[in-house]
Amino acid sequence: MTTALRIHQLNKHFANGKHALRDINLEIRQGEMVALIGASGSGKSTLLRHVAGLVVADAGEGSLIEIDGCCVQQGGRVHRDIRKVRSQIGFVFQQFNLVDRLPVMANVLVGRLHRMPLWRSLTRWFNAQERAMAIEALARVGIAECHAQRASTLSGGQQQRAAIARTLVQGAKVVLADEPIASLDPESSRKVMEILTRINREDGSTVVVSLHQVDMALKYCPRVIALHQGQVVFDGAASALTPALLRELYGMQADEMLMGEPQAHAPIPLTTAPERHWPAPLAQAA
Ligand SMILES: Nc1ncnc2c1ncn2[C@@H]1O[C@H](COP(=O)(O)OP(=O)(O)OP(=O)(O)O)[C@@H](O)[C@H]1O
């Protein structure tokens, strides 16, 4: 299987001196569904933003990020062809990043802009085929009937689904989702995770999703990468990440990571990862 994402020797110091990412080396194969977990401030967003080329790493000979063999950034410089590489990357944000006053359809069609001739992207003139594609994407995420509504009139969960539809019309090979369920209720969270799983399975897209809730990571993602203070402290099968190991890695912070939102309904398992039942706070698990 080909490598979808390669990160080599990545370090990031912010201007205030914070060493946010430390010697990150990772390889993610095409078609994997991977959870990025870690306590608040562990570096999840910073890492995903580097992968999308939104933030540059420390200057350094060896540092490299590649998507599908194409350079995103190297040695602290974003590649000159970053626009082309970015067209392969769909980014789903915690706060959806939709234009509130525009209809849902127009928000979704934004995903096509990079594939259109310049004159059309400037005038935002979309043809019938593109519109049909947007409706189909909205149908896949279950909100086709909302296409004409202003984005601001949708619930949080529906807005996040519209944001995912935008990555579908974009044709992104790699979907990076940064805390996509952090501001959603349990039912909406479950729907969003199931949609991401379906995209991964049906389209073969690589999905990397950062999550606060360990239970959601284990439920939906066969592979988990855990960050702690900017370092990768675990990278392996979800089934290997036991509560004891989590406590070893995070100490008291593990309790907070295990206390996800209670599930409104028992979710349908969609991954090959075994169903896991976590004792609520780790403190009680010993
Ligand atoms: N622009 C910045 N300038 C300085 N420090 C920053 C900046 N952005 C992030 N940091 C710091 O880098 C560290 C990692 O932050 P990051 O947002 O990546 O963590 P996170 O794991 O995504 O956290 P959360 O789960 O709370 O979103 C934190 O200590 C944060 O304060």
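Here is a short tour of this predicted model, stop by stop.

**The whole chain.** Start with everything in cartoon. You should be able to pick out ten helices and eleven strands. The chain has 286 residues, and 42% of them are buried. Take the contacts between residues at least 6 apart in sequence: 67% of these join residues at least 24 apart.

**Colour by confidence.** Switch to pLDDT colouring next. The chain averages 87, with 86% of its residues at 70 or more. Now select residues 261-286, where the pLDDT is below 50. Beyond near neighbours in sequence, that stretch still has 46 contacts in the model. For the complex, the predictor reports an ipTM of 0.97 and a pTM of 0.88.

**The ligand.** Select the ligand and bring up its surroundings: 14 residues make up the shell. Show side chains for Phe14, Ala20, Ser40, Ser45 and Thr46, which are the closest. Then highlight helix α1, residues 44-51, which gives the shell three residues, the largest share. What mix of nonpolar, polar and charged residues do you get around the ligand? Polar ones number nine, alongside three charged and two nonpolar.

**Strand β7.** Move on to residues 89-92 and look along the strand. Ile89 and Phe91 point one way, while Gly90 and Val92 point the other. Are these four buried or exposed? Every one of them is buried.

**Over to β8.** Keep β7 on screen and add residues 174-178, which form strand β8. The two strands run parallel and are joined by four bridges. To see one partner, click Val92 in β7, then Ala177 across in β8.

Methods. Residues numbered from 1 in each chain as written. Predicted model: local features only at pLDDT ≥ 70, side-chain atom pairs only at ≥ 80, totals over all residues. Buried ≥ 20, exposed ≤ 12 C-beta atoms within 10 Å, placed from the backbone. Pairing = 2+ DSSP bridges. Contact = placed C-beta atoms within 7 Å. Near = placed C-beta within 6 Å. Nonpolar A, V, L, I, M, F, W, Y, C, P; charged D, E, K, R; others polar. pLDDT = per-residue confidence, 0-100.
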